[in-house]
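Subject: Structure handover

Hello,

Here is the structure we discussed, with notes on what turned up in it. Please look it over before reading on.

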Amino acid sequence: MGSDGIGALDGIKRIATEEAYAPPDLIARYKQLIRDGVTGDAGFESLMGYFLFNNSERTNAIVDRLQDLGQRRLADMDATGVARQIISLTAPGLQVFDADTAAGLAISYNDQLAEAVGTHADRFTGLAAVAPHAPSAAAKELERAVNHLGLRGAIVNSHTQGEYLDDEKFWPLFEAAESLGVPVYLHPQTPPPSMIKPLLESGLDGAIYGFAVETGMHLLRIIMSGVFDRFPKLKLVVGHLGEAIPYWLFRVDFFHRGIVSTGRYERLKPLKLKPSDYMKRNVYVTSSGMAWEPVIMYARSVLGADRVLYAMDYPYQYQPEEVLVTDHLPISQPELKQFYQSTAQQVFGI
Ligand code: MN
């Protein structure tokens with residue numbers, strides 16, 4: 001265990017739930033897309049271009065770590081006392097490719113991830129990559145990944161080429177996830193072209209703020225669309241303590257009620273419950289990138305202690321000292337076990 005005091009907690013396993021990897025083939029494909037300049041996605045080209053072409057010590061360390069599903073990752077986990085990583089394909093995953101390419105890559109990358117998870121079954125759990133823009137293929141691939149590969153959910157990196165999961169054409173994925181009893185992890189990516197300009201010109205497009213603005217909005221769109229009335233048992237997991245949405249729930253509930261009653265918007269239809277009720281019933285939030293006691297405690301108080309899980313956001317936010325923050329939350333040992341271990345075991349079926 002680490003030399004900085006991070007060690008085994010008494011009877012508690014740290015499970016980190018939003019941990020990224022990238023097959024070398026994906027890195028090569030991203031580089032090619034950026035060199036060719038064909039995506040029309042300024043956010044992707046700026047952020048991924050920085051990681052893949054900046055060639056600094058910091059970015060090289062992240063890109064190297066992303067591609068390791070073996071000894072280096074395990075050593076980093078040991079150094080931070082992480083017993084298990086829940087691993088998923090890094091953002092923006094396959095959503096930057098055309099639908100056919102993305103659906104094909106999902107199959108081969110899920111096979112590769114399942115093999116690594118099988119080799120290190122005591123340390124790794126995997127989430128399936130999917131191509132949301134090939135909706136029936138995505139549902140089929142999730143079924144294959146769960147039933148035949150042992151993966152434990154799917155990851156979607158927010159918008160898909162500017163489209164959002166509140167559109168019913170994407171719902172076969174939700175239907176499959178609900179019937180399989182596995183969660184969909186709604187992870188950020190850079191905002192789409194229709195939203196990127198004021199964020200990119202101010203340097204706020206990425207993890208600093210733009211991710212949360214875009215993904216938080218996506219979460220609200222999903223809730224408002226009635227997805228959770230259609231699929232009441234669907235589980236959504238959202239990082240960064242809910243992308244700031246827990247802070248907004250009072251006002252969202254108030255204005256949702258009022259706006260629906262005016263009939264101003266075709267899309268805003270009455271829901272069976274208040275928006276905040278779906279956050280408490282269908283959504284789990286993780287502490288990825290947010291090792292900050294006041295906000296973790298706030299999310300627990302608003303959503304319930306059983307809705308908040310630990311995540312690190314490896315390797316992007318691999319900061320060993322941050323583990324000490326969550327070790328010292330002002331909660332009891334059984335509550336700490338719930339935060340680090342038991343909720344993750346229950347949500348991901350470990
Ligand atoms: Mn992440």
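Which side chain meets Lys169 in a salt bridge? The partner is Glu163, with an N to O distance of 2.8 Å. Keep in mind throughout that this is a predicted model. Lys169 has a relative accessibility of 40%, so Lys169 counts as partly exposed. Glu163 is partly exposed as well, its relative accessible area being 36%. Elsewhere, salt bridges with shared partners connect Asp111, Glu141 and Arg144 in one network.

Other salt bridges

The count of salt bridges comes to 13. One of them is between the side chains of Arg14 and Asp327, at 2.7 Å from N to O. This pair links distant parts of the chain: Arg14 belongs to strand E1 and Asp327 to helix H15, with their positions 313 residues apart in the numbering. Arg14 is at 2% relative accessibility, under the 20% cut-off, and therefore counts as buried. Asp327 has a relative accessible area of 13%, so Asp327 is buried too.

A local case is Asp25 with Arg29, where the closest N and O atoms are 2.9 Å apart. Both residues sit in helix H1 (residues 24–36), and the four residues that separate them amount to about one turn of the helix. Asp25 is at 34% relative accessibility and so counts as partly exposed. Arg29, with a relative accessible area of 32%, is also partly exposed.

The metal site

The manganese ion is coordinated by Glu18 (OE), His187 (NE2) and Asp313 (OD), at 2.0 to 2.2 Å. Along the chain these donors follow the spacing E-x168-H-x125-D. Glu18 and Asp313 come from distant parts of the chain, 295 residues apart. Glu18 is in strand E1 (residues 14–21), while Asp313 is in the loop between strand E9 (308–309) and helix H15 (320–327). Both Glu18 and Asp313 are buried. Strand E1 thus appears twice in these notes, with Glu18 at the metal and with Arg14 in a salt bridge.

A buried arginine

What is the nearest side chain of opposite charge to Arg73, and how far away is it? It is Asp68, at 4.9 Å. Arg73 is in helix H4 (residues 71–79), and Arg73 is buried but has no salt bridge. A salt bridge has to be within 4 Å, so the 4.9 Å to Asp68 does not qualify. The side chain of Arg73 does have a polar contact of 2.8 Å with the side chain of Gln85.

Surface

Leu204, Ile208 and Tyr209 make a nonpolar surface patch of about 300 Å². Leu204 is in the loop between helix H8 (193–200) and helix H9 (210–224). With 30% relative accessibility, Leu204 counts as partly exposed.

His328 is in the loop between H15 and helix H16 (333–348). His328 is at 60% relative accessibility, over the 50% cut-off, and so counts as exposed. From His328 to Glu293 the C-alpha to C-alpha distance is 8.7 Å, and the two are 35 residues apart in sequence.

Regards

Methods: Residues numbered from 1 in each chain as written. Predicted model: local features only at pLDDT ≥ 70, side-chain atom pairs only at ≥ 80, totals over all residues. Heavy atoms only, no water. Donors = N, O, S within 2.8 Å, 3.2 Å for Na, K, Ca; no water. Helix = DSSP H or I, 4+ residues; strand = E, 2+ residues; numbered from the N terminus. Buried < 20%, exposed > 50% of the residue type's maximum accessible area, 1.4 Å probe, protein only. Patch = residues over 30% accessible without salt bridge, like charges linked within 9 Å, V, L, I, M, F, W, Y side chains within 5 Å. Areas by Shrake-Rupley, 256 points an atom, 1.4 Å probe, with all protein chains shown as cover. Lys, Arg positive; Asp, Glu negative; His and termini not counted. Polar contact = N/O pair within 3.5 Å; in protein donor to acceptor, adjacent residues only side chain to side chain.
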